[in-house]
Amino acid sequence: MLKYIPATDRHHAAPVSWLSSYFLFSFADYYDPNNVQFGPLRVFNDDSIAPNSGFPQHPHSEMEIVTIVLDGEVTHEDTMGNKTTIPKGEVQRMTAGTGLAHSEFNHSDKPLHIYQLWFVPNQKGLAPSYEQKDLDLLDSKNELMPLVSGQKVLEDVVYMNSNSTIYWSNLKEGKEIEFKTFPIRNTFIYVKEGTIYVNGTELGPNDQARMTDEHVVQIRATKDSQFILIDLPAAEANF
């Protein structure tokens, strides 16, 4: 079963002048009891941050936090002692675990565009940890490129404590991808740009597909497209 969610159904938040954020799930001042999470995927925010601004230090706990930089660069600093810059095309994972605090700033004179995703971890009480990797995701072609995963069969990815995998695809017009799944798994797709057909349903920029009880996900691009696909466990016991 495929649930199509158009871009217009995203919640738009602009709490300060330098931030424009689209929430795909309940977050901050937006709460919908029917849209809290999808499997362990608890937060998916599509954020644009103006130059020379950002989030001052703030705390987190018991969450796997993934940041994907699509344009610009993020300066990150945390209470574990990490102080790094995450440029366009790189991926960061932070295990909040028993608790930490961090800041995220755009110190450049160019706009910053990121996706930030939070996953419910597969166990509580983990020690906080950090990983960052350059995966050249924006240069991949006509494939599902794994970025972050808790499934140890995948290599050269950022590891997270969740039985989930985040894939990225740059799919050219006329090309097709087939993703094999199982009825015990969920599949989430969010389109950055272009147009794709997912099991016969058209998705355009910023549209979503949330799929359950599927065996195969067929994706065909009718325009050059970029999108994220997330493979998720359906049952909480498998998070």
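Two strands are counted as paired if DSSP finds at least two bridges between them, and strands (E, at least two residues) and helices (H or I, at least four residues) are DSSP runs numbered from the N terminus. The model is predicted, and local features need pLDDT of at least 70, side-chain atom pairs count only at pLDDT 80 or more, and totals for chains, interfaces and linings use all residues. Residues are numbered from 1 along each chain as its sequence is written, and side-chain values use heavy atoms, with hydrogens and water left out.

The chain contains 22 strands and zero helices. Its radius of gyration, taken over C-alpha atoms, is 17 Å, close to the 18 Å given for 239 residues by the globule rule (2.2 Å times the number of residues to the power 0.38), so the chain is as compact as a globular protein of that length. Along the principal axes, the C-alpha atoms fill a box of roughly 45 × 40 × 35 Å.

One open sheet comprises seven strands in the order 2-3-4-11-6-9-12, with antiparallel pairing. Its edges are strand 2 (11-13) and strand 12 (129-134); each has a single partner strand, so one side of each is left without a neighbour in the sheet. Direction ignored, neighbouring strands of this sheet are turned by 20° against each other on average, the axes being lines fitted to C-alpha atoms and angles running from 0 to 180 degrees between N-to-C directions. Within the sheet, strand 3 and strand 4 pair in the antiparallel sense over five bridges, and Tyr-22 stands opposite Asp-46 in strand 4. UniProt, in an unreviewed entry, places the feature "domain: Pirin N-terminal" at residues 16-118; such annotations may be inferred rather than shown by experiment. This span is 0% helix and 59% strand, and its end C-alpha atoms lie 22 Å apart.

A further open sheet of seven strands has the order 1-20-17-22-15-13-14 and mixed pairing. Strand 1 (2-5) and strand 14 (158-159) stand at its edges, each with a single partner strand, so one side of each lacks a neighbour in the sheet. Strand 17 (residues 185-193) and strand 22 (residues 225-233) pair in the antiparallel sense over eight bridges, with Leu-232 of strand 22 as the bridge partner of Asn-186. For residues 155-232, the unreviewed UniProt entry lists "domain: Quercetin 2,3-dioxygenase C-terminal cupin". That span is 0% helix and 62% strand, with its end C-alpha atoms 18 Å apart.

Pockets were located on a 1 Å grid over the protein atoms alone, as open sets of points where a 1.4 Å probe fits, with protein on both sides within 12 Å along at least five of seven lines; lining residues have an atom within 4 Å of a point. The largest pocket holds about 260 Å³ of space, the volume being that filled by probe spheres set on the points. Of its 16 lining residues, Phe-27, Asn-45, Phe-55, His-58 and Gln-116 are the closest to the centre. Two or more lining residues come from each of strand 3 (19-23), strand 4 (41-49), strand 5 (53-60), strand 10 (100-106) and strand 11 (112-119), and strand 5 gives the most, with five.
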